[in-house]
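Subject: Structure handover

Hello,

Here is the structure I promised to pass on. Please open it alongside this message; my notes follow below.

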Amino acid sequence: MITRGRKRRSSPHDESVETRGKRKAIVASETPVLRSSRRAARSVRDTDSPESSARPKRSDKIDAMTRKRKRKQVSSPPASPTTQRVVLTVSKQERPTKRVKRGRTKKQPHSEPVDEASFYRTFGHKLTDAEANTVRGYPTDKDKALFIMAKSIAESKDERRPSSTDPSAASDTAPAPPKIDKIQFGNYLIDTWYVAPYPAEYSQYPTLYFCEYCLKYMNSSFVAGRHKMKCAAKHPPGDEIYRDGHISVFEVDGRKNKIYCQNLCLLGKMFIDHKTLYYDVEPFLFYIMTEVDDQGCHIVGYFSKEKRSMMNYNVSCILTLPIHQRKGYGQYLIDFSYLLTKKEEGTGSPEKPLSNLGLLSYRKYWKDSLFKVLQHQDNPLSIEELSFRTGMTADDVISTLQLTGILKEEPESEDYIMVIDQDMIDKHIDKMNARGLPQVDPSKLTWTPYVLSRERLVALTNTPTTNDIR
(Lines give C-alpha, C1' and ligand atoms only; values in the text may rest on other atoms or scores of the structure.)
Protein backbone atom coordinates (compact mmCIF):
# COMPACT_ATOMS: atom_id res chain seq x y z
CA MET A 1 0.00 0.00 0.00
CA ILE A 2 1.36 3.43 -0.91
CA THR A 3 1.27 6.13 1.78
CA ARG A 4 1.74 9.86 1.32
CA GLY A 5 5.47 10.49 1.73
CA ARG A 6 6.01 8.08 4.60
CA LYS A 7 7.13 4.38 4.62
CA ARG A 8 4.85 1.85 6.23
CA ARG A 9 5.28 -1.81 7.11
CA SER A 10 3.47 -4.29 4.96
CA SER A 11 0.74 -6.49 6.32
CA PRO A 12 -1.32 -9.36 4.92
CA HIS A 13 -4.35 -7.09 4.96
CA ASP A 14 -2.81 -4.86 2.31
CA GLU A 15 -3.38 -7.46 -0.32
CA SER A 16 -7.18 -7.32 0.11
CA VAL A 17 -7.63 -3.55 -0.01
CA GLU A 18 -10.64 -2.43 -2.04
CA THR A 19 -11.25 1.06 -3.30
CA ARG A 20 -14.74 2.27 -4.35
CA GLY A 21 -15.01 3.80 -7.80
CA LYS A 22 -11.32 3.31 -8.55
CA ARG A 23 -9.25 0.89 -10.51
CA LYS A 24 -6.17 -0.56 -8.82
CA ALA A 25 -3.22 -2.59 -10.03
CA ILE A 26 -0.94 -4.63 -7.82
CA VAL A 27 2.62 -4.87 -9.04
CA ALA A 28 5.01 -7.20 -7.27
CA SER A 29 8.43 -5.85 -6.52
CA GLU A 30 11.33 -7.02 -4.49
CA THR A 31 12.27 -3.55 -3.29
CA PRO A 32 9.61 -1.12 -1.98
CA VAL A 33 9.03 2.01 -3.98
CA LEU A 34 7.46 4.95 -2.14
CA ARG A 35 5.24 7.09 -4.28
CA SER A 36 2.24 9.23 -3.59
CA SER A 37 -1.06 8.28 -5.10
CA ARG A 38 -1.15 11.37 -7.28
CA ARG A 39 2.33 10.81 -8.68
CA ALA A 40 1.57 7.12 -9.25
CA ALA A 41 -1.60 7.95 -11.13
CA ARG A 42 0.25 10.50 -13.20
CA SER A 43 2.98 8.03 -14.12
CA VAL A 44 0.47 5.37 -15.16
CA ARG A 45 -1.43 7.88 -17.27
CA ASP A 46 1.76 8.98 -18.98
CA THR A 47 2.71 5.41 -19.86
CA ASP A 48 -0.71 4.69 -21.36
CA SER A 49 -0.80 7.78 -23.55
CA PRO A 50 0.88 7.65 -27.04
CA GLU A 51 2.74 10.86 -26.31
CA SER A 52 4.59 9.35 -23.37
CA SER A 53 7.63 8.56 -25.48
CA ALA A 54 8.03 12.20 -26.40
CA ARG A 55 7.91 13.46 -22.82
CA PRO A 56 10.90 13.14 -20.45
CA LYS A 57 10.60 10.47 -17.80
CA ARG A 58 10.43 11.55 -14.19
CA SER A 59 11.04 8.11 -12.69
CA ASP A 60 14.75 8.84 -12.24
CA LYS A 61 14.01 11.99 -10.29
CA ILE A 62 11.44 10.20 -8.11
CA ASP A 63 13.91 7.38 -7.41
CA ALA A 64 16.57 9.93 -6.35
CA MET A 65 14.12 11.57 -3.96
CA THR A 66 13.14 8.19 -2.57
CA ARG A 67 16.78 7.24 -1.91
CA LYS A 68 17.40 10.57 -0.21
CA ARG A 69 14.39 10.04 2.05
CA LYS A 70 15.55 6.53 2.88
CA ARG A 71 18.95 7.82 3.99
CA LYS A 72 17.22 10.12 6.52
CA GLN A 73 15.22 7.23 7.93
CA VAL A 74 18.19 5.04 8.83
CA SER A 75 16.83 4.21 12.26
CA SER A 76 13.67 2.63 10.83
CA PRO A 77 13.81 -1.16 10.17
CA PRO A 78 14.08 -2.33 6.52
CA ALA A 79 10.93 -3.30 4.78
CA SER A 80 10.08 -6.94 4.09
CA PRO A 81 10.86 -8.26 0.59
CA THR A 82 7.25 -9.31 0.27
CA THR A 83 6.10 -5.70 0.30
CA GLN A 84 3.82 -4.94 -2.57
CA ARG A 85 3.36 -1.68 -4.37
CA VAL A 86 -0.15 -0.46 -4.98
CA VAL A 87 -0.59 1.97 -7.84
CA LEU A 88 -3.91 3.79 -8.03
CA THR A 89 -5.04 5.13 -11.32
CA VAL A 90 -7.51 8.00 -11.15
CA SER A 91 -9.34 9.24 -14.17
CA LYS A 92 -9.21 12.89 -15.12
CA GLN A 93 -12.87 13.40 -14.46
CA GLU A 94 -12.55 12.14 -10.83
CA ARG A 95 -9.56 14.35 -9.95
CA PRO A 96 -10.46 17.37 -7.82
CA THR A 97 -10.20 20.62 -9.68
CA LYS A 98 -8.92 22.52 -6.63
CA ARG A 99 -6.94 21.37 -3.65
CA VAL A 100 -8.72 21.92 -0.35
CA LYS A 101 -6.53 23.51 2.30
CA ARG A 102 -6.45 21.96 5.69
CA GLY A 103 -7.33 24.05 8.74
CA ARG A 104 -10.36 25.63 10.35
CA THR A 105 -13.46 25.88 8.27
CA LYS A 106 -14.95 29.31 7.86
CA LYS A 107 -18.11 29.98 9.83
CA GLN A 108 -21.05 30.08 7.58
CA PRO A 109 -23.36 33.04 8.16
CA HIS A 110 -26.77 32.28 9.62
CA SER A 111 -29.41 31.85 7.10
CA GLU A 112 -31.97 33.71 9.26
CA PRO A 113 -31.07 36.88 11.26
CA VAL A 114 -31.57 36.64 15.05
CA ASP A 115 -33.88 39.20 16.66
CA GLU A 116 -31.88 40.33 19.70
CA ALA A 117 -34.75 42.25 21.24
CA SER A 118 -36.98 39.19 21.15
CA PHE A 119 -34.15 37.00 22.45
CA TYR A 120 -33.53 39.12 25.55
CA ARG A 121 -37.20 39.86 26.15
CA THR A 122 -38.06 36.17 26.28
CA PHE A 123 -34.93 35.24 28.26
CA GLY A 124 -33.44 33.19 25.45
CA HIS A 125 -36.84 32.07 24.07
CA LYS A 126 -37.67 30.39 27.38
CA LEU A 127 -40.87 32.44 27.63
CA THR A 128 -43.54 32.95 25.09
CA ASP A 129 -44.32 36.37 23.70
CA ALA A 130 -47.48 36.51 25.77
CA GLU A 131 -45.61 35.68 28.98
CA ALA A 132 -42.87 38.19 28.20
CA ASN A 133 -45.32 41.00 27.54
CA THR A 134 -44.84 43.68 30.24
CA VAL A 135 -47.42 46.15 29.01
CA ARG A 136 -49.54 47.18 31.98
CA GLY A 137 -53.26 46.76 31.77
CA TYR A 138 -56.33 46.29 33.91
CA PRO A 139 -56.16 43.51 36.54
CA THR A 140 -58.00 40.38 35.67
CA ASP A 141 -60.56 38.63 37.84
CA LYS A 142 -57.90 36.17 38.88
CA ASP A 143 -55.64 38.99 40.08
CA LYS A 144 -58.49 40.52 42.10
CA ALA A 145 -59.24 37.19 43.74
CA LEU A 146 -55.59 36.74 44.71
CA PHE A 147 -55.47 40.25 46.16
CA ILE A 148 -58.60 39.72 48.26
CA MET A 149 -57.27 36.41 49.57
CA ALA A 150 -53.87 37.93 50.51
CA LYS A 151 -55.58 40.88 52.21
CA SER A 152 -57.77 38.62 54.33
CA ILE A 153 -54.77 36.56 55.41
CA ALA A 154 -52.82 39.70 56.40
CA GLU A 155 -55.76 41.12 58.36
CA SER A 156 -56.24 37.87 60.24
CA LYS A 157 -52.61 37.99 61.41
CA ASP A 158 -52.82 41.64 62.52
CA GLU A 159 -53.42 41.67 66.27
CA ARG A 160 -54.49 45.32 66.35
CA ARG A 161 -57.56 44.70 64.17
CA PRO A 162 -60.81 43.32 65.62
CA SER A 163 -61.08 39.55 65.55
CA SER A 164 -64.70 39.66 64.38
CA THR A 165 -65.26 38.40 60.86
CA ASP A 166 -68.31 40.62 60.36
CA PRO A 167 -67.35 43.30 57.80
CA SER A 168 -69.81 45.81 59.24
CA ALA A 169 -68.29 45.50 62.73
CA ALA A 170 -64.81 45.87 61.30
CA SER A 171 -65.78 49.06 59.46
CA ASP A 172 -67.41 50.60 62.54
CA THR A 173 -64.39 49.96 64.75
CA ALA A 174 -61.46 52.26 63.94
CA PRO A 175 -57.97 50.70 63.97
CA ALA A 176 -55.73 51.35 66.92
CA PRO A 177 -53.36 54.34 66.63
CA PRO A 178 -49.89 53.48 65.42
CA LYS A 179 -47.56 52.68 68.27
CA ILE A 180 -44.02 51.34 68.16
CA ASP A 181 -43.63 49.43 71.40
CA LYS A 182 -39.95 48.44 71.14
CA ILE A 183 -36.83 49.19 69.18
CA GLN A 184 -33.86 46.95 68.51
CA PHE A 185 -30.80 49.14 68.92
CA GLY A 186 -27.57 47.21 68.57
CA ASN A 187 -27.73 44.30 71.00
CA TYR A 188 -30.43 45.92 73.15
CA LEU A 189 -34.23 45.70 72.97
CA ILE A 190 -35.55 49.00 74.38
CA ASP A 191 -39.12 49.88 75.35
CA THR A 192 -40.28 53.18 73.90
CA TRP A 193 -41.88 55.92 76.02
CA TYR A 194 -43.67 58.11 73.48
CA VAL A 195 -44.95 57.97 69.91
CA ALA A 196 -42.65 59.15 67.13
CA PRO A 197 -43.98 60.31 63.72
CA TYR A 198 -42.39 57.61 61.61
CA PRO A 199 -43.78 56.91 58.12
CA ALA A 200 -46.93 54.79 57.97
CA GLU A 201 -45.16 51.78 56.51
CA TYR A 202 -42.92 51.66 59.61
CA SER A 203 -45.22 52.88 62.39
CA GLN A 204 -47.61 49.92 61.96
CA TYR A 205 -45.01 47.47 63.25
CA PRO A 206 -44.57 46.86 66.99
CA THR A 207 -40.78 46.67 66.71
CA LEU A 208 -38.34 48.79 64.71
CA TYR A 209 -34.74 47.79 64.05
CA PHE A 210 -31.99 50.42 64.05
CA CYS A 211 -28.43 50.45 62.81
CA GLU A 212 -26.46 51.88 65.72
CA TYR A 213 -23.91 53.52 63.41
CA CYS A 214 -25.91 55.18 60.60
CA LEU A 215 -29.28 55.20 62.51
CA LYS A 216 -31.20 53.72 59.56
CA TYR A 217 -34.50 52.24 60.75
CA MET A 218 -35.99 49.04 59.33
CA ASN A 219 -39.14 47.01 59.99
CA SER A 220 -37.63 43.52 59.66
CA SER A 221 -34.87 41.69 61.48
CA PHE A 222 -33.82 40.05 58.21
CA VAL A 223 -33.40 43.42 56.51
CA ALA A 224 -31.51 44.70 59.54
CA GLY A 225 -29.16 41.73 59.41
CA ARG A 226 -28.47 42.25 55.71
CA HIS A 227 -27.86 45.96 56.33
CA LYS A 228 -25.44 45.20 59.14
CA MET A 229 -23.35 43.08 56.75
CA LYS A 230 -23.14 45.89 54.17
CA CYS A 231 -23.05 49.03 56.33
CA ALA A 232 -19.60 50.63 56.18
CA ALA A 233 -20.20 53.26 58.89
CA LYS A 234 -18.49 52.67 62.22
CA HIS A 235 -18.90 56.11 63.78
CA PRO A 236 -21.19 59.13 63.41
CA PRO A 237 -20.50 61.42 60.43
CA GLY A 238 -18.78 64.70 61.07
CA ASP A 239 -15.69 65.72 63.03
CA GLU A 240 -14.39 64.13 66.21
CA ILE A 241 -13.73 67.05 68.54
CA TYR A 242 -13.11 65.24 71.84
CA ARG A 243 -11.50 61.95 72.85
CA ASP A 244 -10.78 60.89 76.42
CA GLY A 245 -10.16 57.18 76.86
CA HIS A 246 -13.20 55.26 75.60
CA ILE A 247 -15.41 58.38 75.39
CA SER A 248 -15.58 60.32 72.16
CA VAL A 249 -17.71 63.25 70.96
CA PHE A 250 -18.53 64.07 67.32
CA GLU A 251 -19.85 67.32 65.89
CA VAL A 252 -22.37 66.80 63.07
CA ASP A 253 -23.75 69.62 60.92
CA GLY A 254 -27.47 69.29 60.20
CA ARG A 255 -27.05 70.85 56.77
CA LYS A 256 -24.27 68.48 55.65
CA ASN A 257 -25.72 65.27 57.13
CA LYS A 258 -29.44 65.86 56.92
CA ILE A 259 -30.69 62.25 56.81
CA TYR A 260 -28.57 61.18 59.77
CA CYS A 261 -29.76 64.10 61.90
CA GLN A 262 -33.40 63.49 61.00
CA ASN A 263 -33.08 59.85 62.05
CA LEU A 264 -31.46 61.01 65.29
CA CYS A 265 -34.35 63.39 66.04
CA LEU A 266 -36.95 60.69 65.36
CA LEU A 267 -35.09 58.37 67.71
CA GLY A 268 -35.00 61.06 70.40
CA LYS A 269 -38.76 61.69 70.10
CA MET A 270 -39.41 58.20 71.45
CA PHE A 271 -37.95 59.27 74.82
CA ILE A 272 -38.71 63.03 74.94
CA ASP A 273 -42.33 64.13 75.31
CA HIS A 274 -42.20 67.79 74.30
CA LYS A 275 -39.80 67.43 71.38
CA THR A 276 -41.18 68.95 68.17
CA LEU A 277 -38.09 69.11 65.92
CA TYR A 278 -38.01 66.25 63.41
CA TYR A 279 -37.08 67.30 59.89
CA ASP A 280 -35.90 70.94 59.98
CA VAL A 281 -32.36 70.13 61.11
CA GLU A 282 -30.31 72.48 58.93
CA PRO A 283 -30.00 75.36 61.49
CA PHE A 284 -28.67 73.01 64.20
CA LEU A 285 -25.41 71.38 65.25
CA PHE A 286 -25.51 67.95 66.85
CA TYR A 287 -22.95 66.67 69.34
CA ILE A 288 -23.03 62.87 69.64
CA MET A 289 -21.35 61.16 72.58
CA THR A 290 -20.10 57.62 71.92
CA GLU A 291 -18.35 54.73 73.61
CA VAL A 292 -15.40 53.45 71.60
CA ASP A 293 -14.38 49.78 71.36
CA ASP A 294 -12.91 47.44 68.75
CA GLN A 295 -16.17 47.28 66.77
CA GLY A 296 -16.71 51.04 66.47
CA CYS A 297 -18.26 54.05 68.20
CA HIS A 298 -21.57 53.22 69.91
CA ILE A 299 -23.99 56.08 70.55
CA VAL A 300 -24.60 56.91 74.21
CA GLY A 301 -26.49 60.21 73.93
CA TYR A 302 -26.48 63.56 72.19
CA PHE A 303 -27.44 67.19 72.48
CA SER A 304 -28.21 69.78 69.82
CA LYS A 305 -27.80 73.54 69.71
CA GLU A 306 -28.64 76.28 67.29
CA LYS A 307 -25.92 77.68 65.08
CA ARG A 308 -27.09 81.19 65.87
CA SER A 309 -29.30 81.50 68.95
CA MET A 310 -30.89 84.87 69.68
CA MET A 311 -31.71 83.82 73.27
CA ASN A 312 -28.20 82.49 74.09
CA TYR A 313 -29.41 78.88 74.29
CA ASN A 314 -26.50 76.45 74.41
CA VAL A 315 -28.72 73.32 74.28
CA SER A 316 -31.89 72.78 72.30
CA CYS A 317 -32.42 69.09 72.98
CA ILE A 318 -30.48 66.64 75.12
CA LEU A 319 -30.94 62.90 75.53
CA THR A 320 -29.19 59.93 77.08
CA LEU A 321 -30.43 56.58 75.82
CA PRO A 322 -32.15 54.47 78.52
CA ILE A 323 -29.59 51.69 78.16
CA HIS A 324 -26.82 54.13 79.23
CA GLN A 325 -28.58 55.99 82.01
CA ARG A 326 -27.39 55.93 85.63
CA LYS A 327 -23.79 56.11 84.44
CA GLY A 328 -23.23 59.85 84.76
CA TYR A 329 -23.42 60.45 81.00
CA GLY A 330 -26.24 62.99 81.34
CA GLN A 331 -24.12 65.21 83.59
CA TYR A 332 -21.21 64.63 81.23
CA LEU A 333 -23.19 65.97 78.26
CA ILE A 334 -24.38 69.02 80.22
CA ASP A 335 -20.84 69.77 81.36
CA PHE A 336 -19.59 69.41 77.79
CA SER A 337 -22.21 71.89 76.53
CA TYR A 338 -21.04 74.46 79.08
CA LEU A 339 -17.43 73.78 78.11
CA LEU A 340 -18.28 74.84 74.56
CA THR A 341 -20.00 77.93 75.96
CA LYS A 342 -16.86 78.88 77.91
CA LYS A 343 -14.83 78.34 74.74
CA GLU A 344 -17.07 80.87 73.02
CA GLU A 345 -16.46 83.26 75.95
CA GLY A 346 -20.11 83.66 76.78
CA THR A 347 -22.92 82.33 78.92
CA GLY A 348 -25.71 79.97 78.01
CA SER A 349 -28.78 78.18 79.24
CA PRO A 350 -30.87 75.25 77.99
CA GLU A 351 -33.92 75.92 75.89
CA LYS A 352 -37.12 76.17 77.90
CA PRO A 353 -39.33 74.45 78.85
CA LEU A 354 -37.37 71.54 80.27
CA SER A 355 -38.80 68.09 80.78
CA ASN A 356 -39.06 66.63 84.27
CA LEU A 357 -35.90 64.55 83.92
CA GLY A 358 -34.11 67.43 82.21
CA LEU A 359 -34.96 69.86 84.98
CA LEU A 360 -33.69 67.48 87.66
CA SER A 361 -30.46 66.87 85.74
CA TYR A 362 -29.78 70.59 85.20
CA ARG A 363 -30.51 71.55 88.78
CA LYS A 364 -28.07 68.89 89.97
CA TYR A 365 -25.39 70.10 87.56
CA TRP A 366 -25.84 73.77 88.51
CA LYS A 367 -25.51 72.88 92.17
CA ASP A 368 -22.35 70.79 91.59
CA SER A 369 -20.66 73.43 89.47
CA LEU A 370 -21.43 76.30 91.90
CA PHE A 371 -20.22 74.27 94.90
CA LYS A 372 -16.93 73.57 93.10
CA VAL A 373 -16.37 77.31 92.72
CA LEU A 374 -17.45 78.16 96.28
CA GLN A 375 -15.46 75.38 97.97
CA HIS A 376 -12.18 77.31 98.14
CA GLN A 377 -13.58 80.83 97.87
CA ASP A 378 -12.49 83.17 100.67
CA ASN A 379 -13.01 86.58 99.09
CA PRO A 380 -16.36 88.20 98.34
CA LEU A 381 -17.88 87.03 95.05
CA SER A 382 -20.57 88.58 92.86
CA ILE A 383 -23.26 86.96 90.77
CA GLU A 384 -21.65 88.20 87.54
CA GLU A 385 -18.33 86.60 88.43
CA LEU A 386 -20.02 83.30 89.24
CA SER A 387 -21.83 83.45 85.92
CA PHE A 388 -18.59 84.10 84.03
CA ARG A 389 -16.63 81.32 85.77
CA THR A 390 -19.34 78.67 85.36
CA GLY A 391 -20.77 79.71 81.97
CA MET A 392 -24.28 79.85 83.47
CA THR A 393 -26.64 82.77 83.02
CA ALA A 394 -27.30 85.08 85.98
CA ASP A 395 -30.90 83.82 86.28
CA ASP A 396 -29.76 80.20 86.59
CA VAL A 397 -27.14 81.18 89.20
CA ILE A 398 -29.67 83.06 91.32
CA SER A 399 -32.31 80.31 91.18
CA THR A 400 -29.75 77.64 92.16
CA LEU A 401 -28.39 79.68 95.08
CA GLN A 402 -31.90 80.26 96.36
CA LEU A 403 -32.79 76.56 96.19
CA THR A 404 -29.63 75.60 98.12
CA GLY A 405 -30.23 78.30 100.79
CA ILE A 406 -27.02 80.18 100.09
CA LEU A 407 -28.62 83.37 98.74
CA LYS A 408 -30.70 85.06 101.42
CA GLU A 409 -32.44 88.40 101.83
CA GLU A 410 -31.72 90.67 104.76
CA PRO A 411 -34.96 91.89 106.28
CA GLU A 412 -33.51 95.20 107.45
CA SER A 413 -31.75 96.44 104.33
CA GLU A 414 -33.72 94.33 101.81
CA ASP A 415 -30.42 93.33 100.19
CA TYR A 416 -29.33 89.85 99.19
CA ILE A 417 -26.28 88.18 100.66
CA MET A 418 -24.62 84.79 100.19
CA VAL A 419 -24.20 82.74 103.35
CA ILE A 420 -21.82 79.87 102.62
CA ASP A 421 -21.84 76.75 104.81
CA GLN A 422 -18.40 75.27 104.19
CA ASP A 423 -19.16 71.94 105.88
CA MET A 424 -22.21 71.36 103.68
CA ILE A 425 -20.21 72.14 100.54
CA ASP A 426 -17.35 69.83 101.53
CA LYS A 427 -19.71 66.93 102.25
CA HIS A 428 -21.43 67.39 98.91
CA ILE A 429 -18.14 67.49 97.01
CA ASP A 430 -16.86 64.36 98.81
CA LYS A 431 -20.07 62.51 98.04
CA MET A 432 -19.85 63.53 94.38
CA ASN A 433 -16.22 62.37 94.08
CA ALA A 434 -17.00 59.05 95.77
CA ARG A 435 -19.32 58.03 92.93
CA GLY A 436 -16.40 57.94 90.49
CA LEU A 437 -18.35 59.29 87.54
CA PRO A 438 -16.50 60.38 84.38
CA GLN A 439 -15.47 64.06 84.25
CA VAL A 440 -14.85 66.28 81.25
CA ASP A 441 -11.20 67.19 80.62
CA PRO A 442 -11.00 70.63 78.89
CA SER A 443 -7.48 69.91 77.63
CA LYS A 444 -8.79 67.08 75.40
CA LEU A 445 -11.09 69.39 73.43
CA THR A 446 -10.08 70.23 69.85
CA TRP A 447 -12.72 72.64 68.62
CA THR A 448 -13.27 76.13 67.26
CA PRO A 449 -16.59 78.02 67.49
CA TYR A 450 -18.89 77.77 64.50
CA VAL A 451 -18.75 80.92 62.37
CA LEU A 452 -21.56 81.79 59.98
CA SER A 453 -21.02 83.54 56.68
CA ARG A 454 -22.69 86.88 56.07
CA GLU A 455 -25.28 85.38 53.77
CA ARG A 456 -26.24 82.67 56.25
CA LEU A 457 -26.28 85.18 59.09
CA VAL A 458 -28.69 87.43 57.20
CA ALA A 459 -30.90 84.46 56.32
CA LEU A 460 -31.13 83.38 59.96
CA THR A 461 -31.39 86.75 61.70
CA ASN A 462 -32.95 88.94 58.97
CA THR A 463 -30.62 91.79 59.94
CA PRO A 464 -28.68 93.89 57.43
CA THR A 465 -24.91 93.64 57.27
CA THR A 466 -22.46 96.55 57.49
CA ASN A 467 -22.19 96.71 53.71
CA ASP A 468 -25.95 97.08 53.40
CA ILE A 469 -26.00 99.86 56.01
CA ARG A 470 -23.37 101.82 54.12
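E5 and E6 form a hairpin, with six residues between the two strands. Leu215 sits in the turn and has a positive phi of about 65 degrees. Please keep in mind that this is a predicted model.

The hairpin strands run antiparallel, and two bridges join them. E5 covers residues 207-210; E6 covers residues 217-218. Across this pairing, Tyr209 stands opposite Met218 in E6.

E5 has another partner. Strand E3, residues 182-185, pairs with E5 in the parallel sense. Four bridges hold that pairing. Here Gln184 stands opposite Tyr209. Tyr209 therefore has Gln184 opposite in one pairing and Met218 opposite in the other, given that strands count as paired with at least two bridges between them.

Put together, four strands form an open sheet. The order is E4-E3-E5-E6, and the pairing is mixed. The edge strands are E4 (188-191) and E6, each pairing on one side only.

Now the faces of E5. In a regular strand the side chains alternate between the two faces of the sheet. In E5, Thr207 and Tyr209 lie on one side. Leu208 and Phe210 lie on the other. These four residues are all buried, so both faces of E5 are covered, with buried meaning under 20% relative accessible area.

Next, the cysteines. How many disulfides does the structure hold? Zero. Cys211 is in no disulfide. The nearest cysteine sulfur to that of Cys211 belongs to Cys214, 3.5 Å away. A disulfide needs the sulfur atoms within 2.5 Å, so this pair does not count as one.

Is Cys211 buried or exposed? Cys211 is buried, because its relative accessible area is 8% and the cut-off is under 20%. Cys297 is buried too, with a relative accessible area of 7%.

Finally, the whole chain:

- The protein chain has 15 helices and 15 strands.
- Of its 470 residues, 31% are buried.
- Among contacts with a separation of 6 or more, 61% come from residues 24 or more positions apart.
- The chain exposes about 32,800 Å², and carbon and sulfur atoms supply 52% of that area.

If you look at one place, start with Tyr209: buried in E5, with Gln184 opposite and Met218 opposite as well.

Best wishes

Methods. Residues are numbered from 1 along each chain as its sequence is written. This is a predicted model: local features need pLDDT of at least 70, side-chain atom pairs count only at pLDDT 80 or more; totals for chains, interfaces and linings use all residues. Side-chain values use heavy atoms; hydrogens and water are left out. Buried means under 20% relative accessible area, exposed over 50%, partly exposed in between (1.4 Å probe, protein chains only). Contact means heavy atoms within 4.5 Å. Accessible areas come from the Shrake-Rupley method with a 1.4 Å probe; for residues, only the protein chains shown count as cover.
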